[in-house]
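Here are a few exercises to work through with the structure open beside you. Try each task before you read its solution.

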Protein chains: 2
Amino acid sequence: MRPVAVVGIGKTAFGAFPDRDLRSLAVEAGNRCLEDANAQPSQVEAFYLGNFAGPSFVGQNHLAPYVAGAMGITGVPATRFEAACASSGAAFYHAVMAVAAGIHDTALVVGVEKMTSQPTPKVAEILAGAGDSTGEVRAGATFPALFAMIARRHMHQYGTTREHLAAVAVKNHANGAKNPLAHMRKVITLEQALNGKPVADPLTVYDCSLVSDGAAAVLIAPLDRAAEFAHRPLIQILGIAQISDHVALDTKDDITTFAAVRAAGEKAYKMAGLTPANIDLAEVHDCFTIAEIVATEDLGFAPKGQGGFFAAAGETSLSGSKPLNTSGGLKSKGHPVGATGVGQICDIVQQLRGDAGDRQVAKHSIGLAQNLGGSGATAVVSILGVVGA
Amino acid sequence: MRPVAVVGIGKTAFGAFPDRDLRSLAVEAGNRCLEDANAQPSQVEAFYLGNFAGPSFVGQNHLAPYVAGAMGITGVPATRFEAACASSGAAFYHAVMAVAAGIHDTALVVGVEKMTSQPTPKVAEILAGAGDSTGEVRAGATFPALFAMIARRHMHQYGTTREHLAAVAVKNHANGAKNPLAHMRKVITLEQALNGKPVADPLTVYDCSLVSDGAAAVLIAPLDRAAEFAHRPLIQILGIAQISDHVALDTKDDITTFAAVRAAGEKAYKMAGLTPANIDLAEVHDCFTIAEIVATEDLGFAPKGQGGFFAAAGETSLSGSKPLNTSGGLKSKGHPVGATGVGQICDIVQQLRGDAGDRQVAKHSIGLAQNLGGSGATAVVSILGVVGA
């Protein structure tokens with residue numbers, strides 16, 4: 001396996017864009033990425049498309065050649081990867097492994113979702129397809145309900161409070177307000193977060209991520225070819241892993257932790273030769289505030305049960321010891337499902353390059369991205385670092 | 001890149017199974033495959049699932065861990081691949097490349113589709129999602145219409161006749177009648193084929209493949225580990241390629257040929273060090289009879305324009321010079337979209353092993369499988385051979 005670098009990134013704004021279709025978003029992100037790398041479509045040797053539910057949201061399937069063709073990319077393998085909310089994380093994992101193993105040199109990975117053209121009940125129904133349709137979904141358990149159960153159990157077992165959950169929301173809204181590409185650029189107070197409209201007790205509307213449209217793209221290449229592309233410093237993928245688990249939440253022994261995230265984290269840390277202490281900042285999958293707290297623990301940033309206390313103490317803020325979701329996270333930046341995994345990689349690269357503007361953190365040599373599918377059936381963890389830092 | 005072998009195959013029957021759900025079909029094929037290889041779920045290092053439209057057909061997404069978990073496979077990468085009718089061909093391609101490059105040793109590839117639970121107009125709408133929703137689909141062009149245009153043009157340009165199309169149907173029905181796992185085991189006459197109910201002129205119902213439920217699975221491993229598994233002779237993947245093109249048919253200069261199939265074929269032949277003359281038998285993607293004729297030409301089995309004449313002369317029958325679709329093809333065996341690509345690999349392996357019963361062809365050292373997505377936007381070509389033959 002040879003070292004692999006991210007040589008270009010590109011994102012659309014995340015938001016509700018009634019006049020944009022799925023393809024135009026994906027193409028915009030892809031083109032921005034090639035421009036960032038100063039690369040041409042003809043240099044792309046393989047095309048990886050992460051998308052959760054294009055057929056259900058907009059009636060379009062066969063999405064990889066559909067997007068690639070519009071970018072002028074044909075004659076290469078072009079494939080769609082689906083792994084629920086970790087769809088583009090899975091696409092990224094497969095692309096990185098293929099380049100690491102020498103199957104391809106340059107690979108373009110695009111994540112996209114166009115969600116806001118459907119009414120809310122239909123969106124909930126489509127998202128429920130990431131759960132077990134024959135069991136939990138049939139019983140009426142949507143994702144807010146599943147994560148509410150996780151929150152309840154975490155509170156019972158570890159003393160996590162609603163203030164802890166709210167602290168995550170307040171911090172992510174503060175970060176998102178500084179991100180020009182975020183969906184909801186709105187600072188909120190702890191009181192507002194605590195008094196949000198209930199969704200699934202104990203989760204309020206401020207504990208839930210946003211339904212968004214958007215796309216993100218990264219171009220990868222072997223590290224020894226990275227210098228051919230435009231950007232300095234060079235950013236290397238130090239570790240990466242994708243791990244699966246059962247889909248239904250009721251198959252899990254302990255719902256306050258995700259075994260797939262722990263395993264993917266351990267594998268990625270081992271590959272990178274690093275520990276959680278080495279990570280300067282991370283983008284974690286805060287589909288709900290409780291998910292950020294669980295990720296904080298599963299990735300080893302705080303001891304088991306301490307994730308909520310860690311957030312409430314400010315440790316995960318921009319100036320804290322372990323800044324999490326400096327982009328605003330899924331909570332405030334938005335969660336166009338299929339774009340989220342690759343979007344996280346873009347956000348980390350932006351920080352590592354020192355290009356994060358008002359959100360820039362002081363220490364930015366090594367960053368981690370964690371992408372979650374469903375209630376833990378898919379986890380992808382990637383660790384990126386500045387070469388020579 | 002190291003040599004890769006198919007060490008196990010497993011299929012369900014293809015057909016209409018109102019009392020079976022998607023997962024039970026996929027698990028049956030996967031378990032049969034592991035049994036065939038005498039392998040355990042714990043030996044599977046990566047799980048590749050090919051599925052076109054599970055969310056639309058049965059409301060279930062996140063299908064790879066959903067199926068893998070039910071087989072007792074967790075803790076590994078489990079990912080769904082979607083490339084329209086070439087979904088499991090794409091999954092197989094990525095799995096083979098990953099094993100060839102040393103990313104994994106054993107990989108299980110399962111293809112599945114459950115289509116018959118939806119009424120016919122809904123099935124047509126879901127299948128149309130493999131075309132360009134903003135262009136041709138909006139204009140009312142379903143897949144039978146698109147392939148009817150291809151047939152019309154092929155007739156005009158090369159003198160292909162309705163009798164040529166019917167010859168393909170008659171041959172595939174004759175083969176399928178001998179296949180215990182085929183959906184429609186019914187011998188038809190040339191006259192019946194010519195007088196079928198019109199679907200999209202010049203195509204009749206006998207020119208169109210079947211809407212089916214079904215699943216297929218293959219287990220792959222490095223050739224130097226193949227002897228650890230049950231089967232002899234050993235079957236090696238000699239060449240493989242996946243190539244993309246534009247989705248919409250109107251973007252193509254010449255609709256009587258698929259550039260992606262030609263390119264994938266050339267690449268696979270080159271990798272294998274073989275020519276079309278070396279291929280003893282092939283499974284080609286006869287979603288419509290005209291597609292088999294075009295594939296015959298694009299893969300170099302007959303000169304351009306001669307595919308129909310070649311079929312009518314009996315060259316593609318079980319006793320012909322180039323037996324095509326000895327399984328009965330999509331036409332008679334059935335076309336559970338996401339299962340088709342891996343199903344073709346199973347059918348080729350069965351012939352190479354000499355296990356094809358009444359359909360067994362005399363020369364069976366080297367076989368080819370060609371899987372097509374949409375009207376040519378994805379093509380996967382695989383060449384398999386008996387080791388030491």
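**Exercise 1.** Which residues does Thr296(B) touch, not counting residues up to four places away in sequence? Then work out how Thr296(B) is classed for burial.

*Solution.* Keep in mind that you're looking at a predicted model.
- Start by placing the residue: Thr296(B) sits in helix 10 of chain B, residues 289-298.
- Next, list its contacts, leaving out residues up to four places away in sequence: Phe301(B), Ala302(B), Gly307(B), Phe310(B), Ala311(B), Thr316(B) and Leu324(B).
- Now for the burial class. The cut-off for buried is 20 or more other C-beta atoms within 10 Å. Thr296(B) has 28 C-beta neighbours inside 10 Å, so it counts as buried.
- Finally, pick a reference point elsewhere in the chain: from Thr296(B) to Pro65(B) it's 37 Å, C-alpha to C-alpha, with their positions 231 residues apart in sequence.

**Exercise 2.** Is Lys252(B) buried, partly exposed or exposed?

*Solution.*
- Find it in the loop of chain B that joins strand 8 (235-244) to helix 9 (259-272).
- Count neighbours: there are 17 C-beta neighbours inside 10 Å, which is why Lys252(B) goes down as partly exposed.

**Exercise 3.** Take helix 3 of chain B and say how many of its eight residues are buried.

*Solution.*
- The helix covers residues 63-70, and seven of the eight are buried, so call helix 3 of chain B mostly covered.
- By name, the buried ones are Leu63(B), Ala64(B), Pro65(B), Tyr66(B), Val67(B), Ala68(B) and Gly69(B).
- Look just past the helix too: Gly72(B) follows, with a positive phi near 80 degrees.

**Exercise 4.** Describe how helix 1 and helix 3 of chain A pack.

*Solution.*
- Get the geometry down: helix 1 (residues 22-37) and helix 3 (residues 63-70) of chain A meet at about 60 degrees, their axes 9 Å apart.
- That angle makes helix 1 of chain A oblique to helix 3 of chain A.
- As for handedness, the crossing is right-handed.
- The contact uses Arg23(A), Ala26(A) and Val27(A) from helix 1, and Tyr66(A), Val67(A) and Ala70(A) from helix 3 of chain A.
- Sort those residues by type and you get five nonpolar, no polar and one charged.

**Exercise 5.** What turn and shift lay chain B on chain A, and through what surface do the copies meet?

*Solution.*
- The superposition takes a turn of 180 degrees and a shift of 0.0 Å along the axis, with an RMSD of 0.0 Å.
- That's the relation of a two-fold axis.
- For the interface, 100% of the interface residues of chain B are also interface residues in chain A, so the copies meet through the same surface.

Technical notes
Residues are numbered from 1 along each chain as its sequence is written. Chains are lettered from A and ligands numbered from 1 in the order in which they are written. This is a predicted model: local features need pLDDT of at least 70, side-chain atom pairs count only at pLDDT 80 or more; totals for chains, interfaces and linings use all residues. A residue is buried if 20 or more other C-beta atoms lie within 10 Å of its own, exposed if 12 or fewer, and partly exposed in between; C-beta atoms are placed from the backbone. Helices (H or I, at least four residues) and strands (E, at least two) are DSSP runs, numbered from the N terminus. Two residues are in contact if their C-beta atoms, placed from the backbone, lie within 7 Å. Copies are superposed by least squares on the C-alpha atoms of residues with pLDDT of at least 70 in both. Axes are lines fitted to C-alpha atoms, for helices over the stretch in contact, and angles run from 0 to 180 degrees between N-to-C directions. Angles under 35 degrees count as roughly parallel, over 145 as roughly antiparallel, 65 to 115 as roughly perpendicular and the rest as oblique. A crossing is left-handed if the near helix is turned anticlockwise from the far one by less than a right angle, and right-handed if clockwise. Ala, Val, Leu, Ile, Met, Phe, Trp, Tyr, Cys and Pro count as nonpolar, Asp, Glu, Lys and Arg as charged, and the others, Gly among them, as polar.
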